[in-house]
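Biologist: Let us go through this model by question and answer. Please keep it brisk.

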Amino acid sequence: MPEDSAYRVVVVGAGFGGLGMAVALEQAGIEDFLIVDKGDGLGGTWRDNTYPGAACDVPSRLYSFSSRPGRWSRRFPPQQEILAYLQSLSAEHGLDSRLRLHSGVTSAEFDERSAVWQLTLDDGERLRANAVVSAVGQLNRPALPDIAGREDFRGPSWHSARWDHSVDLTGKRAAVVGTGASAIQFVPEIAKTAAHVDVYQRTPPYVLPKSDRPYRHAEHVLNDWLPVMRKADRLRIFLYGELLTSGFVLSPKLLAAPMQLWRRQLSAVTDPRLREKCIPRYVMGCKRVLFSNDWYPTLNRPNVDLVTDPIERIVSSGVVTADGVTRQGDVIIYGTGFRTLDFLAPMAVTGLGGRRLEDCWREGAEAYLGISVSGFPNFFMLYGPNTNLGGNSIIYMLEGQIGYVACALRALDTEGLDWIDVRPEVQRSFNAWVGAASRTTVWESGCRSWYTTASGRNTNNWPDHTFLYRYRVRRFDVARYRVMPKRPAAVAGASPA
């Protein structure tokens, strides 16, 4: 492909957001687009996370596009099925020919004179686009803990999102650092064959029961014959998620029922001392609520120890905790989450007047509707700041964002515009509301989590019910944006309206 290849739209990322955006572009009659992704295949987080037991913790009926329901084997789909769903979606729409893999974007710079984004790929190639849609997600850059001696360990070690399948854990002593959403899935699996598993926990999670089971053949037949049944089940799951969200954004008193479910789950831990280690000291939802039926039973296993003493350092043969005890390990697995607060990093984004996005976000990321940032025309984000969820499906949010961005791109044509840029006062007003709304949510109730900055500010989660977000993005209002009418080259210095 020649240098400086030009496109109407470049979509960065080939996960749910990027592929969904590509389908919407086709449906909007926008054919001149390209999808670029740094990985060796499509799928985003479902391509990267292949650890044992990897599965979704959102019910499958709601973890798929409403216009393209999946035929799932069970209520909570495993990683392989979700990846297959995305691959089939791509094949159905012929997106493979528009997809460039091994093509991470290192920088994106807006050229005001030509009203075009200049993108540089990690191999040095350059692309031009009238508009850029970032669909890189929030959970794609593994976070490794800053522990002294981490490089001194002589055995194999890896992050759960970069699982080393060449290592057989049978009969080995495994050290697992972290007890988050990934760890509670892979620890029960590796504990079945490992000689011993030490699980190092900094903060215990709330773990609710996972109502998982295979779908029966008769259910598939009924849903195929009466699609309304599938839609009704999807609505039921959505409403349950909104009910859980009410406890997060309105009052923790509304979490009485989930708290009772958690206490019932916790009773599976029979040792009183172990049970005490599993009790969180924060409001439910302040950190991510997890779903598992085998986490607590796994902690009861004789070959599993839950270690709550802080890790002091890692040595060549294992892990040393603050009490001076060295626990031997053949393998160290980091289930320590992702770098969520940098959002678009390592992509450097430069907008009007040389404005750098990382400078604008130095005190924490923000955007209008999580989609647009003032000073960065024709640049849109999917799953951007304050659009993550604590109790429902991100696919529901993505569908609203994708429709909004598609309408914005159509407006460029129908209104005869070179570019649109959200008005700074609109962005300020919106984020003032986000800040005020966040202060009464569980996410700013005092615990540390990947939802908030070091100062405790919520930059990741939507601070209200998801149906209200969908209401806000139901239509694109060009009046909320500064606009630049299409100009002949001779008047390229004209001012926006």
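Modeller: Contact means heavy atoms within 4.5 Å. This is a predicted model: local features need pLDDT of at least 70, side-chain atom pairs count only at pLDDT 80 or more, and totals for chains, interfaces and linings use all residues. Residues are numbered from 1 along each chain as its sequence is written, and side-chain values use heavy atoms, with hydrogens and water left out.

Biologist: Which residues does Val426 touch, not counting residues up to four places away in sequence?

Modeller: Val426 lies in helix H12, residues 424–438. Helices are DSSP runs of H or I, at least four residues, numbered from the N terminus. Beyond that sequence window, Val426 touches Tyr368 and Arg480.

Biologist: Is Val426 buried or exposed?

Modeller: Buried means under 20% relative accessible area, exposed over 50%, partly exposed in between (1.4 Å probe, protein chains only). Val426 has a relative accessible area of 12%, so Val426 is buried.

Biologist: How far apart are the C-alpha atoms of Val426 and Ala367?

Modeller: Along the chain, Val426 and Ala367 are 59 residues apart. In space, their C-alpha atoms are separated by 9.9 Å.

Biologist: Is Leu222 buried or partly exposed?

Modeller: Leu222 lies in helix H5. Its relative accessibility is 34%, so Leu222 counts as partly exposed.

Biologist: Which helix gives the largest share of the largest nonpolar core?

Modeller: A nonpolar core is a set of buried Ala, Val, Leu, Ile, Met, Phe, Trp, Tyr and Cys residues joined through side-chain atoms within 4.5 Å. The largest has 66 residues; Val9 and Leu409 are among those touching the most other members. The largest share of this core, 13 residues, comes from helix H11.

Conventions: Helix = DSSP H or I, 4+ residues; strand = E, 2+ residues; numbered from the N terminus.
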